[in-house]
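Biologist: Please take a close look at the interior of this model for a first-year student. What fills it, and how are the polar and charged side chains placed?

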Amino acid sequence: MKERTRRLPRDRKDELLSAALALAEKQGYMNVSRAAIAAKCDVSEALLSHHFGTMAEFRRTLMRYAIQHESLPVVLQGIVDKNRYALKAPDALKARARAEIAA
């Protein structure tokens, strides 16, 4: 059995968001599930609920994280879905995300 280590909450949240962002880039941020993130990070689904609340709250946090880390595929998905955080992203980032689809 793999030994688990206790991590600082901010480090664990960053790990979870990073894993979710990688999944979102491949399958879409609206298609990311607690189960997939938990499996990727080898944690329980309850841990995601503990840190992020509902999936709606988690997706808001994930979109902000995608903007902060300039994940063009996820930002573009947010623009298409009219996600309010994606629409408020810096204009240069939105332009780069739109250009990504044209390439």
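Modeller: The answer below moves from the overall fold to the core, and then to particular polar and charged residues. This is a predicted model, in which local features need pLDDT of at least 70 and side-chain atom pairs count only at pLDDT 80 or more, while totals for chains, interfaces and linings use all residues. Residues are numbered from 1 along each chain as its sequence is written, and side-chain values use heavy atoms, with hydrogens and water left out.

The protein has seven helices and zero strands; helices (H or I, at least four residues) and strands (E, at least two) are DSSP runs, numbered from the N terminus. The C-alpha trace spans about 45 × 25 × 20 Å along its principal axes. Of the 103 residues, 39% are buried, where buried means under 20% relative accessible area, exposed over 50%, and partly exposed in between (1.4 Å probe, protein chains only).

The largest nonpolar core holds 32 residues, and I37, F58 and L62 touch the most other members. At least two residues of this core come from each of α1 (9–27), α2 (34–41), α3 (45–52), α4 (55–68), α5 (72–80), α6 (84–87) and α7 (91–102). A nonpolar core is a set of buried Ala, Val, Leu, Ile, Met, Phe, Trp, Tyr and Cys residues joined through side-chain atoms within 4.5 Å. Apart from neighbours within four places in sequence, I37 is in contact with L16, A20, L23, V32, L48 and F58; contact means heavy atoms within 4.5 Å.

Polar residues can be buried as well, as two cases show. S71, in the loop between α4 and α5, counts as buried because its relative accessible area is 3%. Its side chain makes a polar contact of 2.6 Å with the side chain of E25. A polar contact is a pair of N or O atoms within 3.5 Å; within protein, one must be able to donate a hydrogen and the other to accept it, and residues adjacent in sequence count only if both atoms are side-chain atoms. Leaving out residues up to four places away in sequence, S71 touches L21, E25 and A66.

The second case is R59, in helix α4. R59 is buried but has no salt bridge, and the nearest side chain of opposite charge, D81, is 8.3 Å away. Here Lys and Arg count as positive and Asp and Glu as negative; His and the chain ends are not counted. The R59 side chain does reach the backbone oxygen of Y29 at 3.4 Å.

A salt bridge is a side-chain nitrogen of Lys or Arg within 4 Å of a carboxyl oxygen of Asp or Glu, and by this rule there are three. One joins R96 and E70, whose closest N and O atoms are 3.2 Å apart. This pair links distant parts of the chain, with R96 in helix α7 and E70 in the loop between α4 and α5, 26 residues apart. Another joins E15 and R12, with closest N and O atoms 2.8 Å apart. E15 and R12 are about one helical turn from each other because they stand three residues apart in helix α1. K94 and D91 also meet in a salt bridge, at 3.4 Å from N to O. K94 counts as buried because its relative accessibility is 11%, whereas D91 is exposed at 61%.
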